[in-house]
Amino acid sequence: MIYRRKNMVTEHRLSSLNTGESCIIHSIEHCGSLRRRLMELGFVPGAKAGCLHRSSGMTAFSISGTVIALRRCDSEMIKVSPLRLDSIQKHTSITRGKPF
């Protein structure tokens with residue numbers, strides 16, 4: 001992660017996701033055939049991805065309805081922005097099943 005105080009820009013990588021977290025793909029820094037293959041698998045800007053399982057060298061991600069395992073060095077080359085619950089979703093999950 002990179003934090004810049006001046007204009008408050010935060011950069012996240014797919015490799016920084018923990019199990020259960022989700023994100024939106026922004027860009028892929030790979031070039032050539034690996035970049036093309038990742039895009040064919042669904043790692044395109046705007047796609048939602050989720051981290052399912054982490055192990056020593058590989059991480060399983062859910063994207064476009066499929067499960068794909070990537071090496072850490074490959075997932076570090078994918079820029080993302082973490083998804084955060086908005087206040088409506090938080091309120092809905094807290095009050096679900098309870099009368100107002």
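**Figure 1. The segment of residues 86-100 in the predicted model.** Throughout residues 86-100 of this predicted model, pLDDT stays under 50. The model has 3 contacts beyond four places in sequence for this segment. Helix α3, formed by residues 87-95, has the lowest mean pLDDT among the elements of the protein chain, at 40.

**Figure 2. The segment of residues 3-8.** Over residues 3-8, pLDDT likewise stays under 50. For these residues the model has 3 contacts beyond four places in sequence.

**Figure 3. Strand β5 and the confidence of the chain as a whole.** Strand β5, comprising residues 58-63, has the highest mean pLDDT among the elements of the protein chain, with a value of 95. For the protein chain, the mean pLDDT is 80. A pLDDT of 70 or more is reached by 74% of its residues.

**Figure 4. The salt bridge between Arg-13 and Glu-29.** Arg-13 and Glu-29 form a salt bridge in which the closest N and O atoms are 2.8 Å apart. The pair links distant parts of the chain, its members being 16 residues apart. Arg-13 belongs to strand β2 (residues 9-13), whereas Glu-29 lies in the loop between β3 (22-28) and α1 (33-40). Arg-13 is buried, with a relative accessible area of 19%; Glu-29 is partly exposed, with a relative accessible area of 35%.

**Figure 5. The salt bridge between Glu-40 and Arg-37 within helix α1.** The side chains of Glu-40 and Arg-37 meet in a salt bridge with an N to O distance of 3.5 Å. Both residues lie in helix α1. They are 3 residues apart, about one turn of the helix. Glu-40 is exposed, its relative accessible area being 53%, while Arg-37 is partly exposed, with a value of 45%.

**Figure 6. The salt bridge between Asp-74 and Arg-71, and the network of Arg-13, Glu-29 and Lys-79.** In the salt bridge of Asp-74 with Arg-71, the closest N and O atoms are 2.9 Å apart. Asp-74 is buried, with a relative accessible area of 8%. Its partner Arg-71 is partly exposed, with a relative accessible area of 45%. Elsewhere, Arg-13, Glu-29 and Lys-79 are joined into one network by salt bridges that share partners. The structure holds 5 salt bridges, among them the pair Asp-74 and Arg-71.

Definitions and conventions. Residues are numbered from 1 along each chain as its sequence is written. Side-chain values use heavy atoms; hydrogens and water are left out. pLDDT is the predictor's confidence in each residue, from 0 to 100. Helices (H or I, at least four residues) and strands (E, at least two) are DSSP runs, numbered from the N terminus. Contact means heavy atoms within 4.5 Å. A salt bridge is a side-chain nitrogen of Lys or Arg within 4 Å of a carboxyl oxygen of Asp or Glu. Buried means under 20% relative accessible area, exposed over 50%, partly exposed in between (1.4 Å probe, protein chains only).
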